[in-house]
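Work through the exercises below with the sequence and coordinates open. Each task is followed by a solution in steps.

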Amino acid sequence: MPAAVEFQNVSRHFGSVRAVDGVDLSIAEGTFFAMLGPSGSGKTTCLRLISGFEQPTGGMIRIFGQDCSDVPPNRRNVNTVFQDYALFPHMNVRDNVAYGLMVKGVDKRTRHDRAEELLALVKLEGYGGRKPGELSGGQRQRVALARALINEPRVLLLDEPLGALDLKLREAMQDELKALQQRLGITFVFVTHDQGEALSMADQVAVFSEGRIAQIGTPAEIYEKPRTRFVADFVGSSNVLSAEMAASFGAPPRPVSLRPESVRIVDDGARIRGQVIALRYLGAGTRVVVAAPGGEISVFLPKGSSVPEQGREVGLAWDDQAMHVMEQG
Amino acid sequence: MRSDSRPPLILTVGAIAGLLFLHLPILLIFLYAFTTDERTYQFPPPGLTTQWFAVAWNRADIWPPLYLSLKVAALSTVMALILGTLCAAAMARTRFFGRDQISLLIILPIALPGIITGMSLRSAFSIMDIPFSTWTILMGHATFCIVIVFNNAVARFRRLSGSIVEASMDLGANGFQTFRHVILPNLGSALLAGGMLAFALSFDEVIVTTFTAGQQSTLPIWMLNELVRPRQRPVTNVVAIVVFVTTFVPILIAYYLTRGGSETAGGGK
């Protein structure tokens, strides 16, 4: 079975700017795929390459095995939930959702019935007659979702769909999106700069950096076995120990990622000692930054553990297997 | 800032006096269209009559200027609608080097005194050996009509989310369907308002027209010439009523169409 979306050495250059630079990836059908990266890393451009709003300057994109270089956006069986939702302001919710069927020439009754079904799917029954301007951010987001699903796409693209929502709503929508994807069984490609969102929702995560993919893997692989310093740092701000430090702790002489939650503050048996230079209260725990010889090390202390005072000297310890040797710095 | 207390009496009186000062002369124009005295504008009018409407109707010299004015206004509105919308689309949807400068150049004709526009066009026409005709008037009027349409359309384009066009394509619509179902409904009232204002401005324009008309006269120019003659004066007032109605009604409609939006409707002039 061909992959839902396949990139072969795809590039998109804008003049001298290499927005996407030699990307290879393969998204299996039915997966929830997250493209994670800071702004300007090329993830949104990749999404627009799939939807057809951008053309690659090099390489080939296949959707379900079919080369889609010459297929315009309106002929691709792919739909998008836009970052700003892009609802049509002059149409009511029902007509917004039914738009995809309207332009196909489906009669009014059928398309309105179908729109109501989709509104029910996103829990917006009875909102069909309202204008987008009368809805809250979360409701608009659901309308955008229903509208994008009406053509029964095999791939749904979501461009930072939760970015404009407040925290509480965002968490609720994360669960709903995940449940929806499992229910529909179609491929979701989800762009986000929020690593927590990517890790909690996706089956596969691609971490983007400067137009290239730094790492592709399951959330656990990305989090626990970051391949580069960038991935270690971007996905959960890990400590990165230099090659020399790693060697002194008995690891191979290569950069090593060490998760803050794997480090303990101890009195005896410390691997290294240093002074506490910053404390950050995070609710679920406290982040302690320790200035150790060779670099700063962050420690995450869960709620309930005793927090050292700022300026005090502490000893740090961790298990050997907590150190993940990376391929490059 | 808003307060619920009543404004001081002097402000109320001042405001009413100001409005009267602005609008009473217009009522006088209407009044003198019905006077029985044809040489002087004496007050109060010695008697009232509707005969001047019939006289005006039968005066052969009114019809060509009226026809010319309508034609010029209609054509420059159409021209402005097409060019102004295209300009606005380009300015609102793409970023390129010098965009702001070009945007300023488009708006400039409305900020320039009409006499400068008129003079520069006149010398340009004479340098290029273009004889004065309806087309030269049209070009003069287009300079400010385009701005009106542009201002209205660009404000609307900015309010529209750029991605709704992409959303339409994404959902399977072709270019024509996108224009018909998404762009036009969102631009429609702005274009109608812009077009009506442009029509009204063109219809009563005098300054630029005097420099670009040559031997022809539009209705406002005919009125200007007529005022210095002491013959059948109230006919001019009858024509003034016609001008008033043809320009005021579109402006009123334009005002109601763009109300509620924050866009600039007229933008001066």
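**Exercise 1. Composition of the two chains**

How many helices and how many strands are there in chain B? Set the result beside the make-up of chain A.

Solution. The model is a predicted one.
- Step 1: chain B holds 11 helices and zero strands. Its pattern along the sequence is accordingly written α-α-α-α-α-α-α-α-α-α-α.
- Step 2: chain A has nine helices and 18 strands.
- Step 3: for the extents, the C-alpha trace of chain B spans about 70 × 65 × 30 Å along its principal axes. The C-alpha atoms of chain A fill a box of roughly 75 × 45 × 35 Å, again taken along the principal axes.
- Step 4: for burial, 40% of the 329 residues of chain A count as buried. In chain B, 35% of the 269 residues do.
- Step 5: take contacts between residues at least 6 apart in sequence. In chain A, 63% of them join residues at least 24 apart; in chain B, the share is 78%.

**Exercise 2. Domains and core of chain A**

State how chain A is divided, and locate the largest nonpolar core with respect to that division.

Solution.
- Step 1: the division gives domain 1 (5-230) and domain 2 (237-325).
- Step 2: the C-alpha centres of domain 1 and domain 2 of chain A lie 38 Å apart. Contact between them involves four residues of domain 1 and five residues of domain 2.
- Step 3: the largest nonpolar core has 94 residues, and Met35(A), Val189(A), Phe190(A) and Val207(A) have the most contacts inside it. Both domains of chain A give residues to this core, so it lies between them.
- Step 4: a second, separate core has 35 residues, including Ile106(B), Phe144(B), Val149(B) and Phe157(B).
- Step 5: to see the surroundings of one core residue, take Val189(A). Not counting residues up to four places away in sequence, Val189(A) touches Val5(A), Ile27(A), Phe33(A), Met35(A), Leu47(A), Ile50(A), Val155(A) and Leu157(A).

**Exercise 3. Helix H1 of chain A**

Is helix H1 (residues 43-51) of chain A mostly covered or mostly uncovered? Then describe the residue that follows H1(A).

Solution.
- Step 1: nine of the nine residues of H1(A) are buried, and the helix is mostly covered.
- Step 2: the buried residues include Lys43(A) and Arg48(A), as well as Leu47(A) and Ile50(A). Those last two, Leu47(A) and Ile50(A), are also among the residues that Val189(A) touches.
- Step 3: Gly52(A) follows H1(A) and has a positive phi, near 100°.

**Exercise 4. Two buried residues**

Why do Leu101(A) and Ala240(B) count as buried? List the contacts of Leu101(A) and of Ala240(B).

Solution.
- Step 1: the cut-off for a buried residue is 20 or more other C-beta atoms within 10 Å.
- Step 2: Leu101(A), in helix H2 (residues 93-102) of chain A, counts as buried because it has 20 C-beta neighbours inside 10 Å.
- Step 3: leaving aside neighbours within four places in sequence, Leu101(A) is in contact with Val106(A), Arg111(A), Arg114(A) and Ile150(A). Leu101(A) and Arg111(A) are 10 residues apart in sequence, with 6.1 Å between their C-alpha atoms.
- Step 4: Ala240(B), in helix H11 of chain B, counts as buried because it has 21 C-beta neighbours inside 10 Å.
- Step 5: with neighbours within four places in sequence left aside, Ala240(B) is in contact with Ile29(B) and Met223(B). Ser103(B) is 137 residues from Ala240(B) along the chain, and their C-alpha atoms are separated by 36 Å.

**Exercise 5. A helix pair in chain B**

Classify the relative direction of H8(B) and H11(B), and give the hand of their crossing.

Solution.
- Step 1: the axes of H8 (residues 175-203) and H11 (residues 233-258) of chain B come within 8 Å and cross at roughly 155°.
- Step 2: angles over 145 degrees count as roughly antiparallel, and H8(B) and H11(B) are therefore roughly antiparallel to each other.
- Step 3: the crossing is left-handed.
- Step 4: among the residues of H8(B) that meet H11(B) are Ala193(B), Met196(B) and Phe203(B); on the H11(B) side they include Val243(B), Pro250(B) and Leu257(B).

**Exercise 6. Contact between the chains**

Which element gives the most to the side of chain B that touches chain A?

Solution.
- Step 1: the contact takes 15 residues from chain B and 18 residues from chain A.
- Step 2: on the chain B side, the elements that give two or more residues are helix H7 (163-170) and H8.
- Step 3: H7(B) gives the most, with six residues.

How values were computed. Residues are numbered from 1 along each chain as its sequence is written. Chains are lettered from A and ligands numbered from 1 in the order in which they are written. This is a predicted model: local features need pLDDT of at least 70, side-chain atom pairs count only at pLDDT 80 or more; totals for chains, interfaces and linings use all residues. A nonpolar core is a set of buried Ala, Val, Leu, Ile, Met, Phe, Trp, Tyr and Cys residues joined through C-beta atoms within 7 Å. A residue is buried if 20 or more other C-beta atoms lie within 10 Å of its own, exposed if 12 or fewer, and partly exposed in between; C-beta atoms are placed from the backbone. Domain bounds come from an automatic or database domain assignment. Two residues are in contact if their C-beta atoms, placed from the backbone, lie within 7 Å. Helices (H or I, at least four residues) and strands (E, at least two) are DSSP runs, numbered from the N terminus. Axes are lines fitted to C-alpha atoms, for helices over the stretch in contact, and angles run from 0 to 180 degrees between N-to-C directions. Angles under 35 degrees count as roughly parallel, over 145 as roughly antiparallel, 65 to 115 as roughly perpendicular and the rest as oblique. A crossing is left-handed if the near helix is turned anticlockwise from the far one by less than a right angle, and right-handed if clockwise.
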